[in-house]
Amino acid sequence: MSSTDCKAPNIDPKTGEITINPLKEDGTPKTPKEIEKERKKAEKLAKFLAKQAKKQASANSNNSKGAPKKEKKKKEVESIPEFVDKTISGEKKILVSLDDPSLKAYNPHNVESSWYEWWVKSKFFEPEFTKDGKIKPEGLFCIPAPPPNVTGALHIGHALTVAIQDSLIRYNRMKGKTVLFLPGFDHAGIATQSVVEKKIWATEKKTRHDFTREDFVSRIWEWKEEYHQSIKNQFKRLGASYDWTREAFTLDENLSKSVVEAFVRLHDEGVIYRSSRLVNWSVKLNTAISNLEVENKDIKGKTLLKVPGYDEPVEFGVLTSLAYPVVGSDEKLIIATTRPETLFGDTGIAVHPDDVRYKHLHGKFAQHPFLDRQIPIITDSEAVDMEFGTGAVKITPAHDANDYNTGKRHDLEFINILTDDGKLNENCGPEWRGMKRFDARKKVIELLKEKGLFVGQEDNEMTIPTCSRSGDVIEPLLKPQWWVAQASMAKEAISAVKKGDITITPKSSEAEYFHWLGNIQDWCISRQLWWGHRCPVYFVNIKGSTEEENDERRITGEYWVAGRTEEEALSKATKKFPGVEFSLEQDEDVLDTWFSSGLWPFSTLGWPQKTADMETFYPFSMLETGWDILFFWVVRMILLGIKLTGSVPFKEVFCHSLVRDAQGRKMSKSLGNVIDPLDVINGIKLEDLHAKLLNGNLDPREIEKAKIGQKQSYPNGVPQCGTDALRFALCAYTTGGRDINLDILRVEGYRKFCNKIYQATKFALMRLGDDYKPSPVEKLTGNESLVEKWILYQLNQTSKIVNESLDKRDFLTSTSAIYEFWYLICDVYIENSKHLINEGTDVEKKSAKDTLYILLDNALKLIHPFMPFISEEMWQRLPKRASEVSETIVKAAYPVYKSEYDNKAAAADYDLVLDITKGARSLLSQYNILKNGKVFIETESLFETAVSQKESIVSLIKAIDEVNVVRKASEVPGGCVLEAINAEVNVHVLVKGHVDIDAEISKTKKKLDKALKTKSTIEKTLNSKDYAKKANEESKAQNTNRLENTIAEIEGFEATIANLERLKI
């Protein structure tokens, strides 16, 4: 493709932004998807042309070497003084005149200052009720914001959550409803404790065990206070209209009471129970984690992986075969394992009962290679596949999920071989005790070779379970823990969605919901941490019991009592063990963070108390979050909500996409593509992005890798985009897909859109004049010109589309409709209204200004949910109607469909004007006529309409000063070219005397030759042997269509050449 073959996209000279015509050639509006597709294509073309221009400039530079260089006069960049906001925090913003030099250009920093503090202080974000304290007649809309972890800073995914949720909140607030957007923060047990432990080790070389529990927890509280405030400030910068008076934290006193209440109720009912089972043990974090926090890594064969706590990578993906000597014979039984270090926990070898190779070994024993332990050879048809490997399988019940079940079936011994920190314990023998698990793996293989029991190794495709928090390889470990029985609750949760009590969008998430609940397992809620809600359950230590007796009793729930207070637990224990002397010991473990998060929709409203908030806001209208935590969080809220309150916690679940980088990669600190929303809002240099890496927990090697990633993702740093542009971009990206590939350049494009809004409003205010006063109420006067009727019709359609789209959670359509409408205001109405305002009669001037005011007022309100700051800034500068009761756009009425604006006939008439304009522009462009163009409109039936709109047409075409309307073609002078607009209207442009006819003929003939060759190629294909038989129907249709289009092109080129030949005469 050469640059001469491409028509450059339309670029706004003021903003530098690519503009897309929202109308098709036939005058009908384009769909949001068509506009989005066209915009992307235009962006690619612009980049291509820029590259070509750069190459050409380079070539010209090389060609001119040696020639004397002309002194280039440097264009002086106008210095814009810094804006100083003198507003006192919390007071209404002091609006400086738009004529002030500091406000000449749009700057998000200037526009977005001071408004948020005023909104909060003025209580605009708090729910509004009727005078008697009831929900307003317009209805109720409430969302509990997903509480972020207090572990550092928000990322771009949080910004997406805010953008979507707050747009819905602000929209419904403007619809007049009682609205609650409830904010809060999660203590994030594992994540927060892990970060603080890393920090303390890095700075003090201490572990948590160097502190008392109370002292260590107090250190985490200090961390929490610092980062909680930082995250809160990020939310404010993002414009989240939270009711901060209801802010919650999962470790707050009230929420902690809810957690205790929930645990005690479920424990006393038997839903929470005690059991010793295999858990996913994170050696690095020293705690159990849930299945949902395990990330499975698939490997094809031998692979070296970095494991926390090991200097060298550890080998995985290898199947080691070894021999067990059969007791009382010289025979050896060959088994294979991917985890040789677990040999010490083997308490059985299983063979298939029907396998003839091992019939003689049924009931016999094998000798452990390192321990004085004889291992029974058992038969099991479930655990053994005769066709796989040797048909003999080692059974390690305490360290493998499948072996656990086999061990239960055969009553095998369960031997734990590991300490909590991943070292072999006393059950492995003194020479092995204290050795790290993967060091032991190597040593086991060495000794097997020495003993002649090593058979061999081969690559083995397998899945490695890792901890999503620490990257550690998970170890299945037998631990007594607290579990939640979920099967019965799951049935209720499935029923709630099937009955329609809860809707889940998109449908793919609903399908996943049903699948997961249909295969649900019990939930381990014990965590071996210090930060979190300590389990409100007490072990009854009977006086005189031995250590061994107590160890056994701690495994099951018989000797445990739950209590809201220790006094309640004591009372329960006394009833359970009458006449027995005992002491109570509270469980050291804390609850899984997701347990307290699962209570979020009602614990934040005061449950179990029957508070006014519970009565008013429960269940919430909707829950909006990423699809990736549907199971972590959403499902658990539904399970616990129905169980504990008897009602669903919310009526709707909307799952948004995950944000990836422009290349589609997952956001990762080590990749260097994670971005702080504030860096997009404020802008940041590449070197400053590098510097921020040093504040995290990445090791030096990861930091260097991340720097490379940052340079690839953000080679020029991140431009200042502002909150409004970021929010609008994220909503525009929300199409219902699973992923969003975020390109910062697109966000920057919406900053240019903000500039267009800013400059258009600024210009419009100047047009209105300082003395303009809008009428008391918004209504038609009957004096509206055709273009006014048309633009009000467009406003009406946009309002209708946006309302319907937001109610359906269709963010792409709503943002696209608003975007297109602003361009219609700027590129059509403002241009068209110039002659009305400057040269019209007093009535025309007044009407044009009134319509301009209606457009600004409504367009700013339409965009407010997505762009809260610029909409408030510019709306506050508008004079207000006497009927306007809101002092802020936050509470202003949202535009809705008005039947009086629905003038389809006028809209169709002006669409014809735009079609005429488009046809004239096309001809003028085709013949490169840039000024003094002569345009003739030929029409009989629409003559009066065309005559009345002459000035309107002239205002929209820069290359002409006037337009002539005629009834017949005979009235059009010779030397014109024609374009048919429709069956009743033709546009003629005088080209004779404006263009080089011979050059145009030559150019058209080249196009004709190319089209003739294309036609010949297509015909050759159509006439080829067996084409009719072999080609499918789709191909036939495509080729036939191509041929028809090519023939039409040829006829057009031939007509053009004939017309041009006539012009020479």
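This passage describes the cores, salt bridges and helix contacts of a predicted model.

Nonpolar cores come first. In soluble globular proteins, nonpolar side chains tend to be buried together. The largest nonpolar core in this model holds 168 residues. Phe753 and Trp822 have the most contacts inside this core. Helix H24, spanning residues 811-839, is the element that gives the most to the core, with 15 residues. A second core is separate and has 72 residues. Its members include Tyr559, Val561, Leu584 and Ile642.

The surroundings of Trp822 can be listed in full, leaving out residues up to four places away in sequence. Trp822 touches Phe753, Ile757, Ala760 and Thr761. Trp822 also touches Leu856, Ala859, Leu860 and Ile863.

Charged side chains were examined next. The search of the whole structure found 60 salt bridges. One of them joins Glu873 and Lys93, with N and O 2.8 Å apart. This pair links distant parts of the chain, as its residues lie 780 residues apart. Glu873 sits in helix H26 (residues 868-875). Lys93 sits in the loop between helix H1 (32-63) and helix H2 (108-112). Are the two partners buried or exposed? Glu873 has a relative accessibility of 4%, so Glu873 counts as buried. Lys93 is buried too, with a relative accessible area of 6%. Both values fall under the 20% cut-off for a buried residue.

A salt bridge also forms between Lys394 and Asp346. The closest N and O atoms of this pair are 2.8 Å apart. Lys394 belongs to strand E15 (residues 392-395). Asp346 belongs to the loop between strand E11 (332-337) and strand E12 (348-351). The two residues are 48 residues apart, and their pair again links distant parts of the chain. Both Lys394 and Asp346 are buried.

The salt bridge between Arg554 and Asp551 lies within one helix. Its N to O distance is 4.0 Å. How far apart are these residues along helix H12? Arg554 and Asp551 are 3 residues apart in H12 (residues 547-555), so about one helical turn separates them. Arg554 is partly exposed, with a relative accessible area of 24%. Asp551 is partly exposed as well, at 40% relative accessibility. Elsewhere, salt bridges that share partners build one network. The network joins Glu261, Arg265, Asp268, Arg564, Glu568 and Lys572.

Helix packing was then considered. Two packed helices are described by the angle between their axes and the distance between the axes. Helix H7 covers residues 253-269, and helix H17 covers residues 630-645. The axes of H7 and H17 come within 11 Å. They cross at roughly 75 degrees. This angle falls in the range from 65 to 115 degrees, so H7 and H17 are roughly perpendicular to each other. On the H7 side, the meeting residues are Ala262, Arg265, Leu266 and Glu269. On the H17 side, they are Leu640, Lys643 and Leu644. By class, the contact of H7 with H17 has 4 nonpolar residues and 3 charged residues, but no polar ones.

A single serine completes the account. Ser805 is found in helix H23 (residues 786-807). Its relative accessible area is 4%, so Ser805 is buried. Which residues does Ser805 contact, leaving aside neighbours within four places in sequence? Ser805 is in contact with Asp810, Thr813 and Ser814.

Notes:
Residues numbered from 1 in each chain as written. Predicted model: local features only at pLDDT ≥ 70, side-chain atom pairs only at ≥ 80, totals over all residues. Heavy atoms only, no water. Core = buried A, V, L, I, M, F, W, Y, C linked by side-chain atoms within 4.5 Å. Buried < 20%, exposed > 50% of the residue type's maximum accessible area, 1.4 Å probe, protein only. Helix = DSSP H or I, 4+ residues; strand = E, 2+ residues; numbered from the N terminus. Contact = heavy atoms within 4.5 Å. Axes fitted to C-alpha atoms, helices over the stretch in contact; angles between N-to-C directions. Parallel < 35°, antiparallel > 145°, perpendicular 65-115°, else oblique. Nonpolar A, V, L, I, M, F, W, Y, C, P; charged D, E, K, R; others polar.
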